[in-house]
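Me: I would like to go through this model with you, starting with its sheet and moving on to its charged pairs and its ligand. Please have the sequence and coordinates open.

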Amino acid sequence: MSNEHGKQDLQDQGLGEIARHFVSARQHGQSLPDFPGNIPGDLVTAYQVQDQAIALWDDQVVGWKVGYIAAERRDGSGDDRLLGPIFSRQLWNATGGTLEIPVFVGGFGAVEAEYVIQLQEDAPAHKLHWTPEEAEALAAKLFIGVEVASSPLATINKLGPRVVVSDFGNNNGLVLGPEIPDWTTLDDADLRAETRIEGVVVGTGGATLLPGGLRTAYAFALGRSAQRGRPLKAGDLIASGNATGIHDIAVGQEALIRFVGYGDITCKAIAAG
Ligand SMILES: C=C/C=C(\O)C(=O)O
């Protein structure tokens with residue numbers, strides 16, 4: 001009995017250590033050479049690391065990024081997407097000018113065109129599974145946005161979803177642009193986007209690039225959040241996942257993300273920390 005209890009403590013300490021390493025590297029703007037510990041065996045355990053890191057981070061969660069999980073990288077949960085927190089001090093309103101976005105030097109840094117849903121009512125906490133149609137029926141607004149995908153760990157995406165989940169979903173902020181009015185009347189095909197880095201087109205697409213579409217990404221966020229005991233609330237933001245690709249950006253480089261008919265967002269990468 002005491003052995004079992006001791007084993008559990010040891011396992012928990014391991015997860016806490018991983019969370020502390022990531023949080024400390026992020027706080028100091030430092031890179032990490034390797035994953036700081038044993039990679040969690042499944043997504044449920046990786047979310048435990050994420051939960052511990054959120055508890056250590058001195059800020060409030062205002063939303064979640066959704067990332068896609070390729071079929072060959074899924075675990076027993078079958079999840080085809082993952083979540084990472086967006087914090088209030090890393091949420092920036094687009095100004096129309098060039099916004100500075102922090103990326104980890106020596107780590108991973110990218111920008112992603114995103115469609116951002118903001119709930120206008122609480123989701124029912126007991127509802128654990130959502131269809132795209134049920135998600136759309138909740139009162140919500142839609143905005144254009146840019147995810148700053150950045151981590152102290154350069155290999156984060158190569159190492160896979162359990163590592164991505166362990167480090168805040170590889171998120172280091174969200175730029176929020178203008179609203180897309182009456183979004184529930186629009187098809188994914190109406191939502192087109194293009195990303196340029198240093199003036200060169202690096203990705204085109206839009207909501208049709210989101211596997212299953214925008215509403216499917218949103219439904220995942222509602223379900224997984226409720227299942228992990230963090231049901232979504234009015235005001236929460238959900239970034240849909242990349243709509244033109246995941247585009248590497250280095251300090252000093254400028255990105256322009258164009259949402260056809262809805263506006264441009266321009267950002268310049270600076271060193272985090
Ligand atoms: C690991 C991150 C993946 C995303 O951000 C995405 O699929 O959009």
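The conversation below takes up the sheet, the salt bridges and the ligand site in turn.

Me: Before we start, what kind of model is this, and how are the residues numbered?
Reply: This is a predicted model, in which local features need pLDDT of at least 70 and side-chain atom pairs count only at pLDDT 80 or more, while totals for chains, interfaces and linings use all residues. Residues are numbered from 1 along each chain as its sequence is written, and side-chain values use heavy atoms, with hydrogens and water left out.

Me: Good. In what order do the strands of the open sheet run?
Reply: The order is β4-β13-β12-β8-β9, with 5 strands and mixed pairing. Strands here are DSSP runs of E with at least two residues, and helices are runs of H or I with at least four, both numbered from the N terminus. Two strands pair if DSSP finds at least two bridges between them.

Me: Which strands are at the edges?
Reply: The edge strands are β4 (98-103) and β9 (200-206), each of which pairs on one side only. Neighbouring strands of the sheet are turned by 25 degrees against each other on average, direction ignored. Those angles are taken between axes, which are lines fitted to C-alpha atoms, and the scale for N-to-C directions runs from 0 to 180 degrees.

Me: How is β12 joined to β13?
Reply: Strand β12 (residues 254-259) runs antiparallel to β13 (residues 263-271), and 6 bridges join them. Arg 258 has Asp 264 as its bridge partner in β13, and Ala 255 is partnered there by Cys 267. The two strands form a hairpin with 3 residues between them, and Gly 261 in the turn has a positive phi of about 85 degrees.

Me: And what about β8 and β12?
Reply: They also pair in the antiparallel sense, over 5 bridges. Opposite Leu 256 of β12 stands Arg 196.

Me: Which side chains of β12 are buried?
Reply: The side chains alternate: Ala 255, Ile 257 and Phe 259 point to one face and are buried, whereas Glu 254, Leu 256 and Arg 258 point to the other and are not. Buried means under 20% relative accessible area, exposed means over 50%, and partly exposed is in between (1.4 Å probe, protein chains only). Ile 257 has a relative accessible area of 0%.

Me: Changing topic, how many salt bridges are there?
Reply: The count comes to 13, a salt bridge being a side-chain nitrogen of Lys or Arg within 4 Å of a carboxyl oxygen of Asp or Glu. In one of them, the closest N and O atoms of Arg 20 and Glu 17 are 3.0 Å apart. These residues are 3 positions apart in helix α1 (residues 2-28), so about one helical turn separates them. Arg 20 is partly exposed at 42% relative accessibility, and Glu 17 is partly exposed at 37%.

Me: What does Arg 215 pair with?
Reply: Arg 215 forms a salt bridge with Glu 136, with the closest N and O atoms 2.5 Å apart. That pair links distant parts of the chain, since Arg 215 is in helix α6 (residues 214-227) and Glu 136 is in helix α3 (residues 132-137), 79 residues apart. Arg 215 also forms a salt bridge with Asp 188, at 3.5 Å between the closest N and O atoms. Asp 188 lies in the loop between β7 (174-179) and β8 (192-197), so this pair ties together parts that are 27 residues apart in sequence.

Me: Are these three residues buried or partly exposed?
Reply: Arg 215 is buried at 15% and Asp 188 is buried at 18%, while Glu 136 is partly exposed at 26%.

Me: Now the ligand. Which residues are around it?
Reply: The residues with a heavy atom within 4 Å include Lys 65, Val 66, Gly 67, Tyr 68, Glu 112, Glu 147 and Asn 242.

Me: Which polar atoms lie beside the ligand's oxygen atoms?
Reply: A polar contact is a pair of N or O atoms within 3.5 Å. A polar backbone atom of Tyr 68 is 2.9 Å from a ligand oxygen, and a polar side-chain atom of Glu 112 is 2.9 Å from one. For Asn 242, a backbone N or O atom lies 2.7 Å from a ligand oxygen. The protein covers 94% of the 260 Å² of accessible area that the ligand has on its own, by the Shrake-Rupley method with a 1.4 Å probe.

How values were computed. A polar contact is a pair of N or O atoms within 3.5 Å; within protein, one must be able to donate a hydrogen and the other to accept it, and residues adjacent in sequence count only if both atoms are side-chain atoms.
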